Amino acid sequence: MRVYVPLTLPGLAEAYKTGELGAGPLVAYAVTPGLREWYASDDIEELEYAALGRAALASLRLLAAEAGAPRRRIVIAVDVADRAASADHDPEEPGEVRLTGPVPLAKAASVHVDAPDAEADVTAAAGALPAADGGDDDAQRVVDAAEDHELLWFATQEIANLVGRGD
């Protein structure tokens, strides 16, 4: 199963240092029955893109809670055994799964990161999240502006450069 794990740059640096995404349980996003119902599509590529988008929003939430982190959303695509992920059936969080154990970074398929030109919108969105969650339409537009930025695709071999430890 392909899952999308939300992180921040400090979280990615820690994963690079330790060789794993965390001890678990980790929150990730995947194509689940709930996501299929929420997104209403049978196209697997569209559904995977929707799961990536849900993970990007979760990364934004991590940034809102981690004031010192660089304002770039990070999502790692990882292939795990089906039994390693349990779907939560919370209709408010379509596609959310919990990974039950540690996830080796070696299982990562790719890394998705905001371009530097997204930082201003991501910074504003992280600050606007509480108001957007409270129903403020103007704040929701600020969050949506960050979601308009496409995450860039990076090979796993590029993680060292992303976290500033490349040669």
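Here a biologist and a modeller talk through a predicted model of a protein.

Biologist: Where do I start: how many helices and strands does the protein have?

Modeller: Start with the inventory, then the order. This predicted model has six helices and seven strands. Read from the N terminus, the order is β-α-β-α-α-β-β-β-β-α-α-β-α.

Biologist: And the overall form? What does the radius of gyration say for 167 residues?

Modeller: You hold the value up against what a compact globule of that length would give. For 167 residues that would be near 15 Å, and the protein has 15 Å, so the two agree. If you prefer box dimensions, the C-alpha trace spans about 40 × 40 × 25 Å along its principal axes.

Biologist: What share of the contacts join residues at least 24 apart?

Modeller: Take contacts between residues at least 6 apart in sequence; 75% of them join residues at least 24 apart. Here's one pair to look at in space: Lys107 and Ala77 are 30 residues apart in sequence, yet their C-alpha atoms are 8.7 Å apart.

Biologist: While we're at Lys107, where is that residue found, and what does it touch?

Modeller: Lys107 sits in the loop between S5 and S6. Beyond its sequence neighbours within four places, Lys107 contacts Val78 and Asp79. Its relative accessibility is 45%, so Lys107 counts as partly exposed.

Biologist: Now the inside. Which residues of the largest nonpolar core touch the most other members?

Modeller: With a core, look for the best-connected members, then ask which elements supply them. This one has 27 residues, and Val3, Leu12, Leu21, Ile76, Val78, Leu99 and Val111 touch the most other members. At least two core residues come from each of S1, H1, S2, S3, S5, S6 and H6. H1 gives the most, with four residues.

Biologist: Pick one of those for me. What does Leu21 touch?

Modeller: Setting aside residues up to four places away in sequence, Leu21 touches Val5, Leu7, Ala15, Leu26, Ile76, Val78, Val103 and Leu105.

Biologist: Then there's Arg54. Does it count as buried or exposed?

Modeller: Check the relative accessibility against the cut-off: buried means under 20%. Arg54 has 12%, so it counts as buried. This arginine lies in helix H3, residues 44-65. Away from its neighbours within four places, Arg54 is in contact with Tyr29, Leu35, Trp38, Glu92, Glu93 and Pro94.

Biologist: Last one, on charges: how far apart are the mean positions of the positive and negative ones?

Modeller: Count each sign, then compare where they centre. There are 13 positive and 30 negative charges, and their mean positions are 7 Å apart. As for the surface, the protein exposes about 8,500 Å², with carbon and sulfur atoms supplying 51% of it.

Conventions
Residues are numbered from 1 along each chain as its sequence is written. This is a predicted model: local features need pLDDT of at least 70, side-chain atom pairs count only at pLDDT 80 or more; totals for chains, interfaces and linings use all residues. Side-chain values use heavy atoms; hydrogens and water are left out. The radius of gyration is taken over C-alpha atoms; the globule rule is 2.2 Å times the number of residues to the power 0.38. Contact means heavy atoms within 4.5 Å. Accessible areas come from the Shrake-Rupley method with a 1.4 Å probe; for residues, only the protein chains shown count as cover. Lys and Arg count as positive and Asp and Glu as negative; His and the chain ends are not counted. The place of a charge is taken as NZ of Lys, CZ of Arg, CG of Asp or CD of Glu. A nonpolar core is a set of buried Ala, Val, Leu, Ile, Met, Phe, Trp, Tyr and Cys residues joined through side-chain atoms within 4.5 Å. Buried means under 20% relative accessible area, exposed over 50%, partly exposed in between (1.4 Å probe, protein chains only).
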